[in-house]
Amino acid sequence: MPIIKTQNLTKIYKDHSVEVHALNGVSLEIEKGEFTAIVGPSGSGKTTLLNIIGGLDNPTEGQVTIGDVDISNLSDNQLIDFRLHNIGFVFQAYNLIPVLSAKENVEFIMLMQNRPKAEMDERAEALLKAVGLEDQMHKRPREMSGGQQQRVAVARALASKPKFVLADEPTANLDSKTALNLLDIMATLNKEEGITFIFSTHDQKVIDRARRIVTLEDGVIVSDVQQDV
Amino acid sequence: MYLKLAWRNIWRNKRRSLITIGSILFAVFFALVMRSFQEGMYEMMIDGMVSVSTGHIQVHREGYWNDRSIDNTLPIDDKIVSKINSIEHVSRACPRIDSYAWISTEELGRGAMIIGLDPEVDVINLEDKLVSGEVMNKDDNVVMIGEGMAEYFELGIGDTLVMLGQGYHGQTAAAVYPIGGILHFGNPKFSNNLVVMPIKAAQQYLSTENRVSSILIELDDIAAYLEVKPKLAELSYQESVDVLDYTEMIPEVLEAIQADRIGGKMFIGILYVIISFGIFGTIMMMTAERRYEYGVLVSIGMHRFKLFMITLRESILIALVGVIMGFLVAFPLIYKMNTDPMPFREDQMDAFQSFGIEPAYYAVIDLGLMAEHMMIIFCIAMLVNLYPLVKIMTLHPVEAMRK
């Protein structure tokens, strides 16, 4: 059974009287443990697709099923809860909470899940260690480099024990070396812990590491290929 | 951690938070100081009237208040005065006899108010008001006059004045009295026209024997007047009596105070509106700056109401700091002006004295009044948070994160 299933997704934005078709009948299935890149030129609908899969936006038509839940029918509050417990997010601009330390940022999402303090402590430390930041735990985002911040964002995304992680252009703000380092970490987590990653990207380094590449153009899937890494 | 997050968020933009705290501090300081001084002035006005002319409560013969004739006086004895003094909250009962007389010297004449009182028990503090001479004793046959009258008649201690008036039941009241003391009154009405004499001498002058115009009652707590009044009415007097409290005796003063109090409150209201806009501006800026962050937090699974509660915690912390600091800055000044009122400048004194007000900056310490204004300002700071509430509740995470 696929972890994510989209059926005939259509998204139309209305800008005054002009209709913009961001997605045109996108149907896609993603299995558990995949390391998938959604690629395409700017305006092809990558981010829109990710937003709809992540429950951040509603499709104009079509259906998104995560596991056995049709998220198109969830209320706003149910969607927030669903995202909290099932989806990890990594954003292009890191988006850490600036006044919290690296560890507190990771713990914060578990706090929202009402996890016990001891568990939050232990898991935050383990995740930061997994992304190579065990010695940066008490630093605030402004005291860390972009790459380090993005690694904290990955640890935060995993803290909630999500079914999958959606990463929107995660390497766009990083230099090549830092980007490769981050991809290594995510690939290791994918391989060793079976965590599902879905990227939207046009970074060749990400595309090279992905085992499945879905290409979008004008809101339509034009190719969907597997590759050996 | 939510509280920690709120506290740290406050210091993310120190300048903005300090401006907000400063606005609240200023509002609390200004409101507390202004209202405490305002109420202090009212208290002094009432005290001025009560201590010299009315007392907190008065007992008269029935109908006296509307027909203040010497024929309308009340016979009393020492027993009734003792009974009044034994009532809880009564600090003293002061029999007085009031009348009018024509005062004259060899060359000049003027109408005057005559007050006969017991200098040992009366609410009027003759010692404090004495400018020259000595305070009379209750058995003396002397008078004390105001400075204004002494100046007008060019009288000094030991000089005599002639008093001519109407005594009880149409008898002629005429006598010559030496001046034993000259008194200072802030109110020119008293300074120019008042003659104070021992009650026994006044009763003799007016031929009223044991009759008095009124028994002034001073209370240890002005608020107890409603409790004491019925107890006074229950006592048995030789004739029917009326018992009036100070609100019935000086309604025009209380009405003037009420009108002025409304003006003061309106002024404070305008201040509150200005402060509200100031706080609203900073909250609006904060909400706009953090829109992206709110989008991220809602995206990763934070419920909107929880997010609002974090921003509300920030506002509560800021408002609490501002309100407490405002109180801490205002209270020492209010306390100082309560325990040691600062006299006005010489040139300001006359204007206040002419209204019978002690010419000093005096503030009341009224914790209820302070709490009321602190609470209003705190509530304003909370009310302004409806803006981020609306923004967060209607926030679309994708749009919020779109740069």
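Colleague: Which residues of α11(B) are buried?

Modeller: In this predicted model, they are Glu293(B), Tyr294(B), Gly295(B), Val296(B), Leu297(B), Val298(B) and Ser299(B).

Colleague: What makes helix α11 of chain B largely enclosed?

Modeller: The helix covers residues 291-299 of chain B. Buried means under 20% relative accessible area. Seven of its nine residues are buried, so the rest of the structure largely encloses this helix.

Colleague: What follows α11(B)?

Modeller: Gly301(B) follows, with a positive phi near 120 degrees.

Colleague: How is chain B divided into domains?

Modeller: Domain 1 takes 2-49 + 253-401, and domain 2 takes 63-239. The C-alpha centres of these two domains of chain B lie 49 Å apart.

Colleague: Now the interface. How many residues of chain A and chain B are in contact?

Modeller: Chain A gives 27 residues and chain B gives 25. The area buried between the two chains is about 2400 Å². Carbon and sulfur atoms give 65% of that area.

Colleague: What makes Arg8(B) and Glu104(A) a salt bridge?

Modeller: Their closest N and O atoms are 2.6 Å apart. The cut-off is 4 Å, so the pair qualifies. Across this interface the rule finds three salt bridges. It also finds nine residue pairs in polar contact there.

Colleague: Which elements give two or more residues to the side of chain A that touches chain B?

Modeller: They are α2 (76-86) and α3 (102-112) of chain A. By class, that side of chain A has 14 nonpolar, five polar and eight charged residues.

Colleague: Why is Asn51(A) called buried?

Modeller: Its relative accessible area is 11%. The limit is under 20%, so Asn51(A) counts as buried. Asn51(A) sits in helix α1 (residues 46-53) of chain A. Leaving aside residues up to four places away in sequence, Asn51(A) touches Leu56(A), Asp57(A) and Val398(B).

Colleague: How do you know that Leu189(A) is buried?

Modeller: Its relative accessible area is 5%. That is under 20%, so the term applies to Leu189(A). This residue belongs to helix α6 (residues 176-193) of chain A.

Colleague: Which residues does Leu189(A) touch, not counting residues up to four places away in sequence?

Modeller: Leu189(A) touches Val154(A), Leu158(A), Gly194(A), Ile195(A) and Phe197(A). The C-alpha atoms of Leu189(A) and Gly33(A) are separated by 9.9 Å. Along the chain these two residues are 156 residues apart.

Colleague: On to salt bridges. How many does the rule count over all chains?

Modeller: The count comes to 31.

Colleague: What makes Asp121(A) and Lys103(A) a salt bridge?

Modeller: Their side chains meet at 2.9 Å, N to O. That is within 4 Å, so the rule accepts the pair. Asp121(A) lies in helix α4 (residues 117-130) of chain A and Lys103(A) in helix α3 of chain A, so the bridge ties together parts 18 residues apart in sequence.

Colleague: Why is Asp121(A) called partly exposed?

Modeller: Its relative accessible area is 26%. Partly exposed runs between 20% and 50%, so the term fits Asp121(A). Lys103(A) is at 9%, so it counts as buried.

Colleague: What makes Arg212(A) and Asp224(A) a salt bridge?

Modeller: The distance is 2.7 Å, N to O. The limit is 4 Å, so this pair also passes. Arg212(A) is in strand β9 (residues 212-217) of chain A, and Asp224(A) is in strand β10 (residues 220-226) of chain A. The two residues are twelve residues apart.

Colleague: Is Arg212(A) buried or exposed?

Modeller: Arg212(A) has 7% relative accessibility and counts as buried. Asp224(A) has 38%, which lies between 20% and 50%, so Asp224(A) is partly exposed.

Colleague: How do you know that Arg261(B) forms a salt bridge with Glu39(B)?

Modeller: The closest N and O atoms are 2.7 Å apart. That is within 4 Å, so the salt bridge stands. Arg261(B) lies in helix α10 (residues 251-289) of chain B and Glu39(B) in helix α2 (residues 14-54) of chain B, so the pair ties together parts 222 residues apart in sequence. Glu39(B) is buried, at 14% relative accessible area.

Colleague: Which residues do salt bridges that share partners join into one network?

Modeller: They are Lys103(A), Glu107(A), Lys117(A), Asp121(A) and Glu125(A).

How values were computed:
Residues are numbered from 1 along each chain as its sequence is written. Chains are lettered from A and ligands numbered from 1 in the order in which they are written. This is a predicted model: local features need pLDDT of at least 70, side-chain atom pairs count only at pLDDT 80 or more; totals for chains, interfaces and linings use all residues. Side-chain values use heavy atoms; hydrogens and water are left out. Contact means heavy atoms within 4.5 Å. Buried area is the accessible area (1.4 Å probe) that two parts lose on being put together, summed over both. A polar contact is a pair of N or O atoms within 3.5 Å; within protein, one must be able to donate a hydrogen and the other to accept it, and residues adjacent in sequence count only if both atoms are side-chain atoms. Helices (H or I, at least four residues) and strands (E, at least two) are DSSP runs, numbered from the N terminus. Ala, Val, Leu, Ile, Met, Phe, Trp, Tyr, Cys and Pro count as nonpolar, Asp, Glu, Lys and Arg as charged, and the others, Gly among them, as polar. Buried means under 20% relative accessible area, exposed over 50%, partly exposed in between (1.4 Å probe, protein chains only). Domain bounds come from an automatic or database domain assignment.
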